[in-house]
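Subject: Structure handover

Hello,

I am passing the structure on to you, with notes on what was found in it. Please read them with the sequence and model open beside you.

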Amino acid sequence: MRILRFEDPQDRKALLELFTVDHFQVDRVARTVRSILEEVRNGGDAAVLGFIHKYDGMILTKEDLPVPPHVWQEARAHVNEDFVRALAAASRHIISFHERQCKSSWAFEREGVKLRQKIVPLSAVGIYVPGGRALYPSTVLMLALPARLAGVKRIVMVTPPHANGVNQHLLVAAQEAGVTEIYQVGGVHAIAALAFGTETIAKVDKIVGPGNTYVTAAKRQVYGMVDIDNLAGPAEIAILADESANEEWIARDLIAQLEHDNAAKGVLITTSTALAQRVVTRVKALVEKAARAEIVDAALQEGGAAVLVQSLEEGVAVANAIAPQHLQIMTGAPHELAERVTNAGCVYLGDHSPAVLGDYIAGTNHTLPAGHTARFGSPLGVMDFCKRLSLVEYSREAFHRESEYAELLAEIEDLRNHAEALRARREKKILATE
């Protein structure tokens, strides 16, 4: 775990590059991804089943793709009751946070012109739940519950197949979250099925959820035919701390996010050289005994650092510059610093608000912008599953009052048929009939 000084131009450059995902790298797999997308688009279920055999080593039939409702129901009996209680608590908290994001339609009138904005839920959403190195029932809740609150009627979950079927914990989470369909298919071919539709899987309007480089590239390529949430990047955490912070907690919070992926990023930003050195030492000691140590160690080698700054105000500037997915503020006065934060996926204040709580139980969404996209991106929320419609109604008097302005602008833009459409009404041109 490196120690960097932000005042050093080379160290500053290295830090900024660390938190920037180069999506041109996604282009390295673009040709392979496009080929799979095209095959599924043209071949439907047969192509999907072929890729399941190729990539997952399983022979399935089209009847095996959907998970029958009775299998969902039976799953409840196979999971621990403590898990069910934890899932219910997480669900309650996610709902209580996200229901405040719901917006209503509105209307107003100005001198004979009625204008209205109508909020409409999407009809069908696909949620992608990874099934690689880890199990993610929490992700099912984070993706599906906001969609349900938005009013989406069809919530389709796809997740990679396994020899024993879809994991029981995922099935219980799907029931809790209001998922309406589940298919055991993952990878690029799952994205293709959701985007284009097959004989078994009807297409959706939007695809959300994290995935590997191939899945991210696939989402990027189908965007426009469907909507997507974001281009997912590796997990990130930055911890802004002063000398009063507990190095044990900092070290463990860094390791918690780094265990996601070899490419995960974790940095401490601090004014204290002594704290930085203690954290570096403690992280090294913990990693030797940590679960998933190989992943954590690989992430630390490339993406771990302690960044020394001259003041906490400069520390906030560093955080805003790197725009981390998770930002913890562990200082004597975290609220004052949090007010100055503009670029972060989610901000956690104080010693007892680790990002792990946000990952599971706090109620905020853990689908967060990463890879420097928190500069313009936001956490997944209810309005991501809605669209806005504008409605316009003019009275005769209002049309005559305002159409001349519109006609003038149309003429300036050399769109003469636009102007003529207005003149025809104003001059009461009506096609003569015999």
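Accessible areas here come from the Shrake-Rupley method with a 1.4 Å probe. On that basis the protein exposes about 21800 Å², and carbon and sulfur atoms supply 51% of this area. Please keep in mind that this is a predicted model.

Overall figures

The protein has 16 helices and 14 strands. Its C-alpha trace spans about 95 × 60 × 45 Å along the principal axes. Of the 434 residues, 49% are buried. Among contacts with a separation of 6 or more, 74% are between residues 24 or more positions apart. There are 46 positive and 54 negative side chains, and the centres of the two sets lie 4 Å apart.

The parallel sheet

One open sheet has five strands in the order β6-β5-β4-β7-β8, with parallel pairing. β6 (181–184) and β8 (227–228) stand at its edges with a single partner strand each, so one side of each has no neighbour in the sheet. β6 runs parallel to β5, and four bridges join the two. Within β6, I182 is the residue that stands opposite M157. As general background, the strands of a sheet pair through backbone hydrogen bonds, either parallel or antiparallel.

The nonpolar cores

Which residues touch the most other members of the largest nonpolar core? They are I127, V140, V152, M157, V179, I182 and F385, out of 41 residues in that core. The elements that give two or more residues to this core are α3 (69–75), α4 (81–98), β4 (124–128), α5, β5 (154–159) and α6 (168–177). Of these, α5 gives the most, with eight residues. A second, separate core has 35 residues, including V48, Y128, A190 and I201.

V179 can serve as an example from the largest core. Leaving out residues up to four places away in sequence, V179 touches W72, I127, V140, A144, I155, M157 and A174.

S138 and helix α5

Helix α5 covers residues 137–150, and S138 lies in it. Is S138 buried or exposed? Its relative accessible area is 12%, and the cut-off for buried is under 20%, so S138 counts as buried. Apart from neighbours within four places in sequence, S138 is in contact with D359, Y360 and H366.

Two enclosed elements

Helix α7 (residues 187–196) is mostly covered, with ten of its ten residues buried. Among them are G187, H189, A190 and F196. What covers the buried residues of α7? The cover includes α2 (30–56), β4, β5, β7 (206–208) and α8 (213–222). After α7 comes G197, which has a positive phi, near 85 degrees.

Strand β9 (residues 236–241) is largely enclosed by the rest of the structure, because six of its six residues are buried. Both of its faces are covered: E236, A238 and L240 are buried on one side, and I237, I239 and A241 on the other. β9 pairs with strand β10 (residues 265–270) in the parallel sense over six bridges. I237 stands opposite G266 in β10.

Positive phi outside glycine

Most residues other than glycine have a negative phi. Two residues to look at here are R292 and H372, with positive phi values near 55 degrees and near 80 degrees, respectively.

Where is R292 placed? R292 is in the loop between α10 (273–287) and α11 (293–303). R292 is partly exposed, with a relative accessible area of 30%.

H372 is in the loop between α14 (355–360) and β14 (386–394). H372 counts as buried because its relative accessibility is 16%, and the cut-off is under 20%.

For a start in the viewer, you could go to V179 and the residues that it touches, including W72 and A174. After that, β9 and its parallel partner β10 can be looked at together.

Regards

Notes:
Residues numbered from 1 in each chain as written. Predicted model: local features only at pLDDT ≥ 70, side-chain atom pairs only at ≥ 80, totals over all residues. Heavy atoms only, no water. Buried < 20%, exposed > 50% of the residue type's maximum accessible area, 1.4 Å probe, protein only. Contact = heavy atoms within 4.5 Å. Core = buried A, V, L, I, M, F, W, Y, C linked by side-chain atoms within 4.5 Å. Lys, Arg positive; Asp, Glu negative; His and termini not counted. Charge placed at Lys NZ, Arg CZ, Asp CG, Glu CD. Pairing = 2+ DSSP bridges.
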